[in-house]
Amino acid sequence: MPPLDLVPVWTIILGVSVFMYVLLDGFDLGIGILFPMARDDDARTLMMTSVAPVWDGNETWLVLGGLGLLAIFPLAFAIIMPAVYFPLLLMLLGLIFRGVAFEFRLKETAHRHWWDRAFFFGSTIATFAQGVVLGMFVQGFEVTGRSFSGTSFDWIRPFPLATGVGLLFGYTLLGATWVVMKTEGDLQAWARGRATIALYGVLAFIAMVSVWTPLLHEEIARRWFSLPNLLYFAIVPVITGVIAWGTWHGLRRDSDYVPFIGAMGLFAMCYLGLAISLFPYVVPYTHTLWQAAAAPSTQTFLLVGTLFLLPIIFMYIGWSYYVFRGKVTAHDGYH
Amino acid sequence: MDLDPVFLSRLQFAFVIAFHILLPAFTVGLASFIVLLEGLHVTKRDTLYLRLSIFWTRIFAVSFGMGVVSGIVMPFQFGTNWSRYSDATSNVLGPLFAYEGLVAFFLEAGFLGILLFGRKRVPPWAHFLAAVMVAVGTLFSAFWILAANSWMQTPGGHELVDGRFMPASWLDVIFNASFPYRLAHTVTGFYLTTAFAVLGATAWHLKHRRNVAESRAVMGMTVIFIAIFVPIQITAGDLHGLNTLHHQPLKVAAMEGLWDTQARAPAVLFAIPDEKAERNRAEIAIPALASIYLAHSPDAVIKGLKEAPPSDRPPVAPVFFAFRIMVGIGVLMLGMAVWGVWLRWRGRLYTNRLYQNACIAMIPAGFVAVVAGWTVTEVGRQPWVVYGLLRTRDAVSPSLTGADVLLSLSLYAIVYLIVFGAGIFYMVRLARAGPPEHVELREPKLGERPARPLSGAEADA
């Protein structure tokens with residue numbers, strides 16, 4: 001009997017991990033991007049308090065995704081990481097500043113404006129860098145044998161830089177709709193306005209990337225626009241449109257929850273669209289998931305512990321969001 | 001000047017890991033110390049131990065938070081700078097690193113929150129259990145990382161297929177030849193690092209006549225602890241050294257500063273190794289002593305560096321000096337243990353000003369020893385990344401230029417100096433503030449618990 005093919009299982013586990021990271025840290029980072037636009041110090045404190053209990057756990061999904069890629073798709077890790085050398089460096093340094101600023105802002109009132117800046121720049125740089133990585137992924141990597149053979153500055157090209165800006169809008173939308181959900185009054189009304197602007201930006205970028213990607217790669221164009229695929233996949237832009245309308249409507253109609261759920265839905269549809277474009281590549285467009293996968297014994301060994309720990313982690317996260325449900329007020333947070 | 005991406009990548013890895021290792025060196029021991037304090041509180045029902053536990057948990061929170069932040073950088077280094085290492089070794093090492101991450105994630109998601117913020121929400125026994133689980137978790141993290149690290153020193157349980165390592169036996173991969181010795185030596189080293197940091201902070205409080213009752217209790221038990229664990233550490237270090245002699249004789253030759261293979265090998269107390277001339281300058285040595293402590297016979301033959309061609313030798317001077325720093329600190333620690341026990345026996349432990357100053361001066365000792373010991377073992381592994389099988393220069397990412405790495409290293413240096421500077425400043429401030437004077441155990445409101453490590457520093461105040 002040949003060993004069971006675990007690649008689909010691992011693809012789902014790691015795909016979910018990365019998506020969890022994008023959604024969860026997405027709204028944390030979005031709040032960081034919105035930070036300097038907030039009206040006053042109290043508004044900033046409240047925005048920060050709304051994500052304070054969860055950001056740290058949210059970030060851990062990134063580590064899980066990274067380590068999972070290393071262990072399960074080592075060849076992909078070995079090719080992609082050097083290719084995104086500087087975007088990754090900027091992301092890590094941005095995340096360090098963001099994390100530390102979170103803590104010190106609320107403790108060091110004397111240097112608060114300084115930590116405010118660190119929080120904004122850390123979040124913005126980390127988001128832009130993640131968007132650049134995404135763009136490079138779609139753009140594809142120059143590979144010779146088993147190594148990346150481009151330069152460390154391949155990210156300075158129109159497409160990755162455009163997706164970097166696009167993700168800034170995306171995370172801002174997540175962050176602003178999160179604030180809509182978690183706050184009341186003036187701050188909520190202000191967040192609604194920001195969310196609406198971000199939504200327009202996001203939709204513009206979705207449209208742009210949807211046109212640009214098939215132009216970059218003929219294979220992707222063929223996948224989407226040949227028959228009968230066109231009939232199946234046409235549902236993706238249709239649903240995206242419906243969700244976009246729902247989000248916009250929710251923002252206008254004073255709904256607390258619909259905008260955030262809509263924003264998450266838009267991310268889910270983009271993620272799905274990306275998966276349709278790139279499958280089965282894990283290193284676009286040279287190595288498939290199966291070609292880059294580790295030995296079956298390696299996959300099995302790690303799966304045992306993962307299947308034991310992951311459900312417990314999910315349960316805890318659900319519980320933790322449940323505990324901190326509802327609106328935040330000035331009385332919450334640090335004392 | 002020609003910028004070498006291999007050397008600069010090594011420097012960058014050394015830089016980020018040297019800063020990172022300081023935090024586990026402290027938190028692994030501190031987690032167990034907190035278990036001890038919580039246990040004493042539960043059994044003795046004395047709030048003195050509760051106040052102490054709250055105090056040290058605050059410092060633990062900051063240190064754990066900085067450990068998480070600096071730890072996120074580590075796995076990405078393997079890919080960005082050492083992609084050929086990742087490609088070659090991940091089938092074997094990937095799951096070990098991933099298990100470390102999962103364990104840390106599991107901890108952070110679960111018991112850490114209860115330890116840091118749950119004191120008023122859960123019964124004392126549950127809080128104690130959370131403390132135990134966090135301590136066990138830090139030890140599990142150390143277990144997986146050191147298993148991976150040891151495999152790079154003494155690889156086993158694998159087969160080589162097309163230049164890549166494939167798992168053959170997971171048990172042999174994990175429990176490779178040097179792992180048990182390295183685990184014992186490293187974890188004991190982490191415990192002692194914490195013990196000397198705690199001892200120094202406590203001595204500072206006694207010197208300034210603050211928190212006298214708490215400080216006396218801690219100083220009394222810490223002195224007993226180091227009196228037991230310093231000799232254990234010296235023994236563990238000796239056994240680890242003998243294990244290294246068996247598997248990596250060249251590393252030991254660099255540690256000892258021995259160039260020629262010889263019987264009656266001398267113990268070199270001091271020298272300036274000259275790699276070009278293949279000899280030591282300004283050497284002070286005791287004849288035959290190295291043969292005696294390495295092979296337990298004065299006539300035993302010890303291999304010298306000249307056994308291997310220069311291209312297969314580790315850099316001698318860093319290994320040689322780092323080893324002397326580590327052993328020197330070990331001797332100082334033994335002195336502190338003997339002195340402390342003697343003072344305690346004479347009833348002067350809590351009042352001797354000179355010992356208090358010595359304890360304060362010894363606060364960084366464990367940290368320096370950990371970094372020195374790490375330098376000995378990792379630089380001594382060179383020029384290999386997987387000992388004897390994969391050369392470091394064949395492991396680097398081929399796309400990197402020296403300028404790329406110089407730029408990234410400079411950015412890491414700037415950011416780490418700011419972030420670690422702020423973190424250390426904050427920890428020192430917490431340490432000076434001392435334990436809370438009284439504890440009020442009230443029922444909290446739901447939703448009050450912030451769930452982040454660093455904010456735990458103030459949650460129980």
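**Exercise 1.** Work out with which handedness helix 5 of chain A passes helix 6 of chain A, and how the pair is oriented.

*Solution.* Start with the crossing: helix 5 of chain A passes helix 6 of chain A in a left-handed crossing (the near helix is turned anticlockwise from the far one by less than a right angle; clockwise would be right-handed). Helices here are DSSP runs of H or I, at least four residues, and strands are E runs of at least two, numbered from the N terminus. This is a predicted model, where local features need pLDDT of at least 70, side-chain atom pairs count only at pLDDT 80 or more, and totals for chains, interfaces and linings use all residues. Residues are numbered from 1 along each chain as its sequence is written, and chains are lettered from A and ligands numbered from 1 in the order in which they are written.

Next, the geometry: helix 5 (residues 85-105) and helix 6 (residues 112-139) of chain A pack at about 150°, axes 7 Å apart. Axes are lines fitted to C-alpha atoms, for helices over the stretch in contact, with angles from 0 to 180 degrees between N-to-C directions. So helix 5 of chain A is roughly antiparallel to helix 6 of chain A (over 145 degrees).

**Exercise 2.** Find which element of chain A gives the most to the side that touches chain B.

*Solution.* First, the totals: 55 residues of chain A are in contact with 49 of chain B (C-beta atoms, placed from the backbone, within 7 Å). Elements giving two or more residues to chain A's side include helix 3 (55-72), strand 2 (147-148) and helix 14 (296-323) of chain A. Helix 14 of chain A gives the most, with 13 residues.

Conventions
Parallel < 35°, antiparallel > 145°, perpendicular 65-115°, else oblique. Contact = placed C-beta atoms within 7 Å.
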